[in-house]
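Visitor: I would like a close look at a single part of this protein. Please set the scene briefly, then stay with that part.

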Amino acid sequence: MAAIELYRRSSIGNSLTSTLDYMVSSGKLPPELAIQVLLQFDESMKKAMKSKVNSKISIKGHLHTYRFCDDIWTFILTGGTFKSEEISETIGKVKIVACDSKLQQSDEEKA
């Protein structure tokens, strides 16, 4: 199973996708290579999040909407307050996407 495409809708993922689309449409990059770049991006983001991010936060807010589809949870919070040891920040509307870490395992990790 390939890495789940959670990070493609982030700012950096959107920028990468737009750039790859431009390069494919202008004939500078074959579509197959663009797909391989996106797959590598998914895998790299998964590894970076696992090894580089170790902060813990608490989140409070009003749960506006929640969904569970294909083993992925999506939460929409209004008035979300994020607190860590160093900082507290309130944001008007927040979308949180979460999945079981077992879904993120690649074929190599399972073997």
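Visitor: To begin, about how much area does the protein chain expose, and what percentage of it do carbon and sulfur atoms supply? After that, please take me through helix H2 and its salt bridges.

Guide: This is a predicted model. The protein chain exposes about 8,400 Å², and 56% of that area is supplied by carbon and sulfur atoms. Of the 111 residues in the chain, 22% are buried. The secondary structure consists of three helices and three strands, and their order along the sequence is α-α-β-β-β-α. Among contacts with a separation of 6 or more, 43% are between residues 24 or more positions apart.

Confidence comes next. The mean pLDDT of the chain is 86, and 87% of the residues reach 70 or more. Among the elements, H1 has the highest mean pLDDT, at 95, while helix H3, residues 107-110, has the lowest, at 48. Where pLDDT is low, the predicted coordinates should not be read in detail.

Now to the part you asked about. Helix H2 covers residues 31-52. With its 22 residues, H2 spans 31 Å from the first C-alpha to the last, which is close to the expected 32 Å. Its buried residues are Ala34, Leu38, Phe41, Asp42, Glu43, Met45 and Lys46. That list mixes side chains such as Leu38 and Phe41 with Asp42, Glu43 and Lys46, and these last three residues take us to the salt bridges.

The whole structure has two salt bridges. One of them joins aspartate 42 to arginine 8, with the closest N and O atoms 2.5 Å apart. This pair links distant parts of the chain: aspartate 42 belongs to H2, whereas arginine 8 lies in the segment before helix H1 (11-25). The two residues are 34 residues apart, and both are buried.

The other salt bridge is formed by the side chains of lysine 46 and glutamate 43, at 3.0 Å from N to O. Here both partners sit in helix H2. Because lysine 46 and glutamate 43 are three residues apart in H2, about one helical turn separates them. An α-helix has 3.6 residues a turn, so residues three or four places apart point the same way. Lysine 46 and glutamate 43 are both buried as well.

To put the two side by side: the aspartate 42 pair reaches from H2 to the segment before H1, and the lysine 46 pair stays within H2.

Conventions
Residues are numbered from 1 along each chain as its sequence is written. This is a predicted model: local features need pLDDT of at least 70, side-chain atom pairs count only at pLDDT 80 or more; totals for chains, interfaces and linings use all residues. Side-chain values use heavy atoms; hydrogens and water are left out. Helices (H or I, at least four residues) and strands (E, at least two) are DSSP runs, numbered from the N terminus. Buried means under 20% relative accessible area, exposed over 50%, partly exposed in between (1.4 Å probe, protein chains only). Contact means heavy atoms within 4.5 Å. Accessible areas come from the Shrake-Rupley method with a 1.4 Å probe; for residues, only the protein chains shown count as cover. A salt bridge is a side-chain nitrogen of Lys or Arg within 4 Å of a carboxyl oxygen of Asp or Glu. The expected span of a helix is 1.5 Å times one less than its number of residues. pLDDT is the predictor's confidence in each residue, from 0 to 100.
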